[in-house]
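Let's go through this one together, a question at a time.

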Amino acid sequence: MVVVMRTGAAPEEIDAVVARVEAAGGSAFVSRGVQRTIVGLVGDVVQFQALNLATMPGVGDVVRVSKPYKLVSRENHPEATTVSVAGVPIGPDTFTLIAGPCAVETPEQTLAAALMAKEAGATLLRGGAYKPRTSPYAFQGLGEKGLRILAEVREETGLPIVTEVVDAHDVSLVAEYADMLQVGTRNMQNFALLQAVGAAGKPVMLKRGMTATYEEWLMAAEYIAQRGNLDIVLCERGIRTFETSTRNTLDIAAVPMMHALSHLPVIIDPSHSGGRRDLVVPLTRAAIGVGADAVIVDVHPDPSAALCDGPQALFGAELDQLAAACRDLPPVVGRTLVR
Ligand code: PEP
Ligand code: MN
């Protein structure tokens with residue numbers, strides 16, 4: 001942390017800043033410039049924040065130089081992390097396709113969607129048994145019955161499962177079935193849930209809150225990491241903007257930005273960002289181009305009958321195009337599709 005004194009700050013004002021920092025157990029190093037004096041602080045940033053240095057006489061600005069997140073920052077961990085989901089890698093050298101139904105509805109629908117996903121090149125199966133729905137009248141998911149269906153489909157197809165947990169009390173149950181736990185956009189700052197998944201011993205996919213900044217998103221990841229779990233995958237799923245034509249606005253810059261700020265893998269959900277079937281393939285191409293480590297895509301054997309998010313689910317020709325993009329484009333950016 002650096003304290004920038006105002007031009008012409010009095011020596012006693014500078015001394016007072018140094019005294020307050022030292023009284024709190026920190027060290028303060030004074031550099032006197034021609035115009036301004038700068039005081040560099042070494043010690044506990046959180047403690048310095050409580051000192052209200054910005055309000056002291058003669059102080060112009062207080063600037064934080066280190067990142068507030070530690071365990072997930074690139075600063076403290078230069079090497080990119082590969083997260084292994086039951087042996088399937090999500091990391092810097094590969095590209096992974098995760099696909100499946102938005103929600104588990106029936107054993108037949110889930111198996112059909114899983115087979116479609118596998119045929120398209122997916123190596124991980126998505127599917128929600130607990131659904132965080134905006135409306136309390138909408139299909140809420142099958143709960144544990146849905147988890148059992150997922151486990152049967154995993155048995156049949158060999159695809160490990162990514163599934164959402166919406167409540168801290170359900171984490172141990174969902175973790176019994178899941179290969180990767182999903183924390184959804186509406187729960188990105190559910191701190192009790194983040195701590196619970198951090199202690200569950202399974203990889204976690206953390207979706208970006210729909211109004212979250214990169215720093216808020218990384219601080220949420222830090223909650224998980226702080227409980228001892230660094231197997232975290234960050235998922236950009238679109239943010240709220242003034243545009244209403246798409247379900248959300250895909251922030252494509254999030255991929256290189258989050259890769260710069262953090263060592264964690266960064267993936268894109270083109271289904272929940274675009275919210276329209278015809279956008280999923282173009283957004284997937286963009287995701288691969290910009291360096292995403294994976295995409296997570298909704299597929300459904302009969303989208304017109306889907307209980308959740310049918311308009312964005314792929315099938316038929318568009319799913320074939322998705323498969324082609326995932327096969328052909330990663331080599332252009334030095335990656336190979338995980339098979
Ligand atoms: C989902 O992936 O099914 C989901 C609910 O996504 P989000 O949390 O991004 O809305
Ligand atoms: Mn959905």
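Q: Which residues are around ligand 1?
A: This is a predicted model in which local features need pLDDT of at least 70, side-chain atom pairs count only at pLDDT 80 or more, and totals for chains, interfaces and linings use all residues. Residues are numbered from 1 along each chain as written, chains are lettered from A and ligands numbered from 1 in written order, and side-chain values use heavy atoms, without hydrogens and water. With a heavy atom within 4 Å as the criterion, the residues are Cys102, Arg126, Lys131, Glu164, Gln182, Gly184, Thr185, Arg186, Lys207, Arg237 and His272.

Q: How many residues of the shell around ligand 1 are charged?
A: Asp, Glu, Lys and Arg count as charged; Ala, Val, Leu, Ile, Met, Phe, Trp, Tyr, Cys and Pro as nonpolar; the others, Gly among them, as polar. The shell has one nonpolar and four polar residues, and the charged ones number six.

Q: What are the protein donors of the manganese ion (ligand 2)?
A: Donors are N, O and S atoms within 2.8 Å of the metal (3.2 Å for Na, K and Ca); water is not among the atoms, so sites may look incomplete. Their sequence spacing is C-x169-H-x36-D. Lying 2.0 to 2.3 Å from the ion, they are Cys102 (SG), His272 (NE2) and Asp309 (OD).

Q: What is the distance from a polar side-chain atom of Arg237 to an oxygen atom of ligand 1?
A: A polar contact here is a pair of N or O atoms within 3.5 Å. Arg126 offers a polar side-chain atom at 2.8 Å from a ligand 1 oxygen, and for Arg237 the value is 2.7 Å.

Notes
Polar contact = N/O pair within 3.5 Å; in protein donor to acceptor, adjacent residues only side chain to side chain.
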